[in-house]
Amino acid sequence: MAERIPCKTEGCSSTILPTTAAKTGGICMPCQQEQVRQEQQAYIEQHRRTVNLYEGLTDPIEILKVMHVPRNYDPLIQYVDYPHSKEQIYVSLTAAEAGQMLKYAVELLDAGNEDEAEQILLSLVCYRNDDISEALPKLIERNMYYPSILFKDALPEIRERLLQQVEWDDDNRNHLLLILSWIGDTEVVRQFEQWRLHPPKWAGQLFVNHDVYSLEAGWELASNGEKRDLISERCFAIRLTGEQQVGSGTETSAAHFLKTSNSNCPWCKRKLTILMDADTTHPSLAYLGVLMERLQVATCEHCGGFNTIYMELDQQGEPVWSLFNQKPDYLPNWDDKDSSVAVEEIKLTVSSEPHSPYYAASWTLTQQDSQIGGHPSWVQDADYPHCPCCAQRMRFIGQLDWADFDQYSEGIFYMFICTEETMTATLYQQS
Ligand SMILES: [Zn+2]
Ligand SMILES: [Zn+2]
Ligand SMILES: [Zn+2]
């Protein structure tokens, strides 16, 4: 057998066969691969062009059009980011400009560019809560029944048509039920109640009970057949301090976020976290009519990732671990040193102006999701926990998306309340 010789690269301790050395000029394969990689990198850096697609553009419509065009990754092109995000631009459009975007989306649909059209329509609906009902016949024409939230403002004739279609259209029934849930008007609620009393023949083909669909749109069919809202239309963003430009300082003390509690989690023995401590008269919470001055929502940041955590609020509004909490069979063994960002280092504030209640309703768009009120950004299926006392579903009051504050984190903590027993709950979802 041929004697192995050392790789010529300084610091490399590998040995290689003489045949390899002949091929590579005396270095080992990993070193050769590294050499090739470095050469490619040097080539890219030398030849990379910086491209600013927004150069000279001042019209927000033109800027958004550019933003919506999908870009193929090319290592030789470095694109300059626009200084504002897509959602910031959408929010600041005038009504006339938004109308132009809607018109453009319809043109894209006519041209068969469904993906871009869908993103524009979704942005108009979520970030602005704009009525796009004039585009809905086009979507139906093209069999585009998803994302269902696009249909929330559908006119009665469309709702009527879809109510009939759901009876026979086996292929689209799931999406149609979601669409009807988003429409959620008295006719839809009446029909859902009819289906509950007299289950339709197609009910057996659904994956879930048909009244679960309404949860995706933030309401449930109460036992008396009425619509019971599980969300609040009043919605305020929660942002890192400093990112929030509009600053009347008085408003911001209305809510604090992410404080370490004095109490410990009975399961993992770590300190609990107060996700939110907010003034109950703040416009985002006043509708709840809670009698306490402040509303605190606490959870265990660790165990709360695995289980619903209920907290009961005492007379002073102090959260107390609920005896209804059921320890899951499995909880991981966290080591003492925690790699995640300490919550105390994250400084958050609630924005002084409300935004669209649908702002974060589509988790797949690019916005930050943290907010008080509005529709949740469900990463998985909609899930409103049942109150362990009164068995009603609890109402959503806000959410914190870890990805908003920490680039290495993800996952959303959702907060709920039952005002009857002043019980709060948290749930956690991640992709
Ligand atoms: Zn080597
Ligand atoms: Zn715990
Ligand atoms: Zn209750």
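Q: What makes a residue count as buried, exposed or partly exposed in this predicted model?
A: A residue is called buried under 20% relative accessible area, exposed over 50%, and partly exposed in between.

Q: Why is cysteine 268 called buried?
A: Cysteine 268 has a relative accessible area of 18%, and buried means under 20%, so cysteine 268 falls within the buried class.

Q: How do you know whether cysteine 303 is buried or exposed?
A: The relative accessibility of cysteine 303 is 0%, and because the cut-off for buried is under 20%, cysteine 303 counts as buried.

Q: What makes Cys265, Cys268, Cys300 and Cys303 the protein donors of the zinc ion (ligand 2)?
A: Their SG atoms lie 2.2 to 2.4 Å from the zinc ion (ligand 2), and a donor is an N, O or S atom within 2.8 Å of such a metal, so these four cysteines qualify as donors. Along the chain they follow the spacing C-x2-C-x31-C-x2-C. Cysteine 268 belongs to the loop between strand S8 (255-264) and strand S9 (271-279), while cysteine 303 belongs to the loop between strand S10 (294-299) and strand S11 (309-313), so this pair ties together parts that are 35 residues apart in sequence.

Q: Why is the site of the zinc ion (ligand 2) called tetrahedral?
A: The angles among its 4 donor atoms are 100 to 113°, and four donors count as tetrahedral if all angles lie between 85 and 135 degrees, so the site meets the criterion.

Q: What is the geometry of the site of the zinc ion (ligand 1), and how do you know?
A: Here the donors are Cys7, Cys12, Cys28 and Cys31, each through SG, at 2.3 Å from the zinc ion (ligand 1), with the spacing C-x4-C-x15-C-x2-C. The angles among the 4 donor atoms are 97 to 118°, which lie between 85 and 135 degrees, so this site is tetrahedral.

Q: Why is cysteine 12 called partly exposed, whereas cysteine 7 is called buried?
A: Cysteine 12 has a relative accessible area of 23%, between the limits of 20% and 50%, and is therefore partly exposed, whereas cysteine 7, with 6%, is under 20% and therefore buried.

Q: How do you know that the span of helix H8 (residues 156-168) agrees with its number of residues?
A: At 1.5 Å a residue, the 13 residues of H8 should span 18 Å, and the end C-alpha atoms are 19 Å apart, which agrees.

Q: What puts the buried residues of H8 on the same side?
A: The buried residues are Ile158, Arg159, Leu162, Leu163, Gln165 and Val166. They cover an arc of only 170° around the axis, so they share the same side of H8. On the other side, Glu157, Gln164 and Trp168 are exposed.

Note on methods: Residues are numbered from 1 along each chain as its sequence is written. Chains are lettered from A and ligands numbered from 1 in the order in which they are written. This is a predicted model: local features need pLDDT of at least 70, side-chain atom pairs count only at pLDDT 80 or more; totals for chains, interfaces and linings use all residues. Side-chain values use heavy atoms; hydrogens and water are left out. Donors are N, O and S atoms within 2.8 Å of the metal (3.2 Å for Na, K and Ca); water is not among the atoms, so sites may look incomplete. Four donors count as tetrahedral if all angles lie between 85 and 135 degrees; four count as square planar and six as octahedral if opposite donors are over 155 degrees apart and all others between 65 and 115; anything else is irregular. Helices (H or I, at least four residues) and strands (E, at least two) are DSSP runs, numbered from the N terminus. Buried means under 20% relative accessible area, exposed over 50%, partly exposed in between (1.4 Å probe, protein chains only). The expected span of a helix is 1.5 Å times one less than its number of residues. The arc is that of the directions from the helix axis to the C-beta atoms.
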